[in-house]
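These are my notes on how the strands pair and where the helices pack. I began with a hairpin and then turned to the sheet.

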Amino acid sequence: MFLSTDKKEVHIGHETLRYLQYGQGKKVLILLHGNVSSSLHFEPILPLLKDDYTMYVPDLRGFGDSSYHNRFDSIEELADDVIKMAEKLMLSSFSIIGWSAGGAIAQVVAAERPDLVEKLILIAPGSPKGYPVFQKDENKQVLLGEIYS
């Protein structure tokens, strides 16, 4: 079982991303969690991959033990955090697994930096365009086409 104290950190602008680094394999793997989750979501599979991969499993901005000083309004901003993390850790290439919202982020990382991403593995991914949240009227009925920013 992993604890918050097992996590390392990388500073990106005014944010601190905390992450697990696990395994000693030659291949590099980044694992991205979904919404309302954290790096600990992947805890059960890390021991199974430790001999083949060195894994980096971040808590995305505003989740788990990472900071949330600056609001984000798009999947692209979270993808940029992951790219900056990879650059700070000097990862020249890696495979990336994204689950749910993490899958949406992983798609953007792969699209923006195909030079870094060797393989893209998606588990029930969301759309890279994000998740619209529709406004509701006074009767709590969805107002189609009227989306919160």
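Entry 1, the hairpin. I looked up K136 and found that its bridge partner is V142, in β8. The model I am reading is a predicted one. I then traced the pairing of β7 (residues 134-136) with β8 (residues 142-147): the two strands run antiparallel and are joined by two bridges. Between the strands of this hairpin I noted five residues, and K140 there takes a positive phi near 65°.

Entry 2, the sheet. I next asked in what order the strands of the open sheet follow one another. I read the order as β1-β2-β4-β3-β5-β6, six strands with mixed pairing. At the edges I found β1 (8-12) and β6 (117-123), each of which pairs on one side only. For the turn between neighbouring strands of this sheet I recorded an average of 25°, with direction ignored.

Entry 3, one pair within the sheet. I checked β2 (residues 15-22) against β4 (residues 53-58) and found an antiparallel pair joined by four bridges. Within this pair I located Q21 opposite Y56 in β4.

Entry 4, the helices. I asked which strands helix α2 (residues 75-88) lies across. I listed β1, β2, β3 (27-32), β4 and β5 (94-99), and I noted that α2 runs at about 110° to β1. I then turned to helix α3 (residues 101-112), which packs on the sheet and touches β3, β5 and β6. For the direction of α3 I entered an angle of about 145° with that of β5.

Technical notes: Residues are numbered from 1 along each chain as its sequence is written. This is a predicted model: local features need pLDDT of at least 70, side-chain atom pairs count only at pLDDT 80 or more; totals for chains, interfaces and linings use all residues. Side-chain values use heavy atoms; hydrogens and water are left out. Two strands pair if DSSP finds at least two bridges between them. Axes are lines fitted to C-alpha atoms, for helices over the stretch in contact, and angles run from 0 to 180 degrees between N-to-C directions. Contact means heavy atoms within 4.5 Å.
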